[in-house]
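Opening the notebook on this one. I want to see how the parts sit against each other, then go down to single helices.

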Amino acid sequence: MATEPRQKPLEDRETEFRTMSGQPIAPLYGPEEAPVDRAESIGRPGEYPFTRGPYESMYRGRLWTMRQFAGFGTVEETNERFHYLLDHGQTGLSTAFDMPTLMGYDSDHERSLGEVGREGVAVDSLDDMEQLFDGIPLGGVTTSMTINAPAAILLAFYVLVGEKQGVPAEKLGGTIQTDILKEYIAQKEWCFPIEPAMRLVTDMIEWCSRNMPRWHPVSISGYHIREAGSTAQQELAFTLKDGFTYVERALERGLDVDDFAPRLSFFFNAHVDFFEEIAKYRAARRIWAREMRDTYGAKREESMRLRFHAQTAGVSLTAQQPLNNVVRTSLEALAAVLGGTQSLHTNSFDEALALPTEEAVRVALRTQQVIAFESGVANTPDPLGGSWFVEKLTDEMERAAYEYFARIDELGGMVEAIRRNFPQREIADAAFTYQREVDERRRIVVGVNDFVQEDEPQTPILRIDPALESKQADRLAATRARRDGAAVEAALSELKRAAATEANLMPPIIDAARARATEGEMIAALQEVFGTYTESPVF
Amino acid sequence: MEAAIARKIRVVVAKPGLDGHDRGAKIIARALRDAGMEVIYTGLHQTPEQIAETVIQEDADAVGLSILSGAHMTLVPRVVALLKEQGVDDVLVTVGGTIPADDIPELKELGVAAVFTPGSGTDEIVDFIRSGAEERHEREES
């Protein structure tokens, strides 16, 4: 980038200010902004419509879970990182899988070449999963797993690891992402066409509602939608609409909304436009509560109460002057906490170019600990409630979301909207607009298009040892050699047979997993029945 | 000296491997199209073989490989090798994505003309591709 001095003197700022979503910001907010129905629309934490938080005491009762996303190489390296993070005070686990695992390929598949262990940990079979959690009692920690199209398989692995440890499924606590709609929209990790993929999601919701009362079978996500380039308004609208779609499918299956809704969870981005993010979370809770009660007939408060995990925005990190990222992450984490998140991942300062080093992830964890224990912001629920600016922004986020809901409904619902590339095009347009703003210096990114430093020293980054790929191939070969091949064949046949019926697929997947069928084998078997998916991209 | 009608620059924007991060690739594809170039966006999950075939079939002047999965040191060399094998080694090859500085010299030695890392400006990329492709046209016409 060019390094001309700033073109505008400090005194001569814009005349018009907007949030990152484009919402105009007034010169002043005052009491005239307060909503007339403030008791109803703002309310109290722990009470409908939960604008101020899902729990009465919020962090006075219990802090958010400090849950750092981690995973690279083989299960040995990741198990070591899990222990490191737990030893340094994190309070929940979060698992990052590698691209082959996310896309349903075994580590020795030709499509996996060069990709094993690079973006996360390689998991091919139950044997891998057991070692991943070596020395970690699953009855004493909650675990999140970021995996979507193959989620049912990874959940089966996790349940079986618990079983081996003597922890029954109903005692296991945690979350599996499973949110396939946002894959077609944004994260782009798919194995099957939309309808069979949705069937699997409903199977998981149904099975977990009966067998895993402490588990979240879906983490309805906006993080990835935002990272792909959406605005906060789009993130809010598309995420909630995805959530409503899962609710509708579960109701169509014949489930009672109050039997499954309490275990639906969410995952939002924590981006750098501070007040807009806080307003986004508060609007999300209010919208979800209203729709669950009035549209979907929920009777239990737990069904109306939106709870979420947040991650600071990866896309806001810069490769230039990486220490600036500590500041960005801190502001973003603070917004998530002031917005009432239940669980939080803070990015490491070196993540613009690689997975985090130990030192960098420690600083990220410490960021949460400083906020929790030194800043005082956790000592009362929703401290920004009643702020004229924040309440107005919350109302505006809500209004914008409902506008998007109407447009998606006009298209025939979210699945149809995805088929027509509606959310994908909105995201591509928003991403392009943002990039033009940066290119033209109408939006400043410190260190990138202003306050640039020539000849920066290089930050040491994590390198994944390519030898880990053959190490994983050996692990996989050993699993195949040890197992009863006939039992695996029988289990895979049964899985295919069940997939062609309306049976819930969790039991046959668990059986196949127990026999040491690999993830790739199970996905390939299901693809024989379901087919595969190719997108028609728009840019 | 100049052709009566300027020949349009043809660029393939490709996503090799399993990487699903397509935000940057789509922005570049659109910027190149807005700059008057003919853009073929391959979409996701392309094998090196598929990319090389697209470059050849589309008679591309340039190919931009976008990789944010860390698999670039496996996938980029394979694309470059396939293009060479099939006698198409004057196509401008650029790479974009999360590429550590240490890997850039090796990529350049393979024949990658430029590596655009996070923070690169769109105009810089468009200009680079335009001038590289125009040079290629001049070489072909002379």
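**Entry 1: the domains of chain A.** I started with distance: the centres of domain 1 of chain A and domain 2 of chain A, taken over C-alpha atoms, are separated by 29 Å. Worth jotting down that this is a predicted model. For the bounds, the domain assignment of chain A puts domain 1 at 31-417 and domain 2 at 467-500 + 508-530.

Next I looked up who touches whom. I find 29 residues of domain 1 of chain A in contact with 21 residues of domain 2 of chain A. Which elements give two or more residues to the domain 1 side? I get α4 (126-132) and α5 (151-165) of chain A. The most comes from α5(A), which gives 6 residues to that side. By class, I note 16 nonpolar, 8 polar and 5 charged residues on the side of domain 1 of chain A that touches domain 2 of chain A.

**Entry 2: chain B against chain A.** Here I looked at the contact between the chains, which takes 33 residues from chain A and 27 residues from chain B. On the chain B side, at least two residues each come from α1 (23-34), α3 (72-85) and α5 (122-141) of chain B. I put α1(B) down as giving the most, with 5 residues. The side of chain B that touches chain A divides into 10 nonpolar, 11 polar and 6 charged residues.

**Entry 3: a helix pair in chain A.** Back in chain A, I checked α7 (residues 194-211) and α9 (residues 232-253). Their axes come within 10 Å and cross at roughly 70 degrees. Angles of 65 to 115 degrees count as roughly perpendicular, so I log α7(A) as roughly perpendicular to α9(A).

I then listed the residues that meet. From α7(A) I have A:M198, A:V201, A:T202, A:I205 and A:E206, and from α9(A) they meet A:Y246, A:R249, A:A250 and A:R253. That contact has 5 nonpolar, 1 polar and 3 charged residues.

**Entry 4: helix α17 of chain A.** Does the length add up, or what span should 18 residues give? At 1.5 Å a residue, I expect 26 Å for α17(A) (residues 422-439), and its end C-alpha atoms are 26 Å apart, which agrees.

Which residues of α17(A) are buried? My list reads A:F422, A:P423, A:Q424, A:E426, A:I427, A:A428, A:A430, A:A431, A:F432 and A:Q435. Last thing I looked up: just after α17(A), A:R441 takes a positive phi of about 60 degrees.

How values were computed: Residues are numbered from 1 along each chain as its sequence is written. Chains are lettered from A and ligands numbered from 1 in the order in which they are written. This is a predicted model: local features need pLDDT of at least 70, side-chain atom pairs count only at pLDDT 80 or more; totals for chains, interfaces and linings use all residues. Axes are lines fitted to C-alpha atoms, for helices over the stretch in contact, and angles run from 0 to 180 degrees between N-to-C directions. Helices (H or I, at least four residues) and strands (E, at least two) are DSSP runs, numbered from the N terminus. Angles under 35 degrees count as roughly parallel, over 145 as roughly antiparallel, 65 to 115 as roughly perpendicular and the rest as oblique. Two residues are in contact if their C-beta atoms, placed from the backbone, lie within 7 Å. Ala, Val, Leu, Ile, Met, Phe, Trp, Tyr, Cys and Pro count as nonpolar, Asp, Glu, Lys and Arg as charged, and the others, Gly among them, as polar. The expected span of a helix is 1.5 Å times one less than its number of residues. A residue is buried if 20 or more other C-beta atoms lie within 10 Å of its own, exposed if 12 or fewer, and partly exposed in between; C-beta atoms are placed from the backbone. Domain bounds come from an automatic or database domain assignment.
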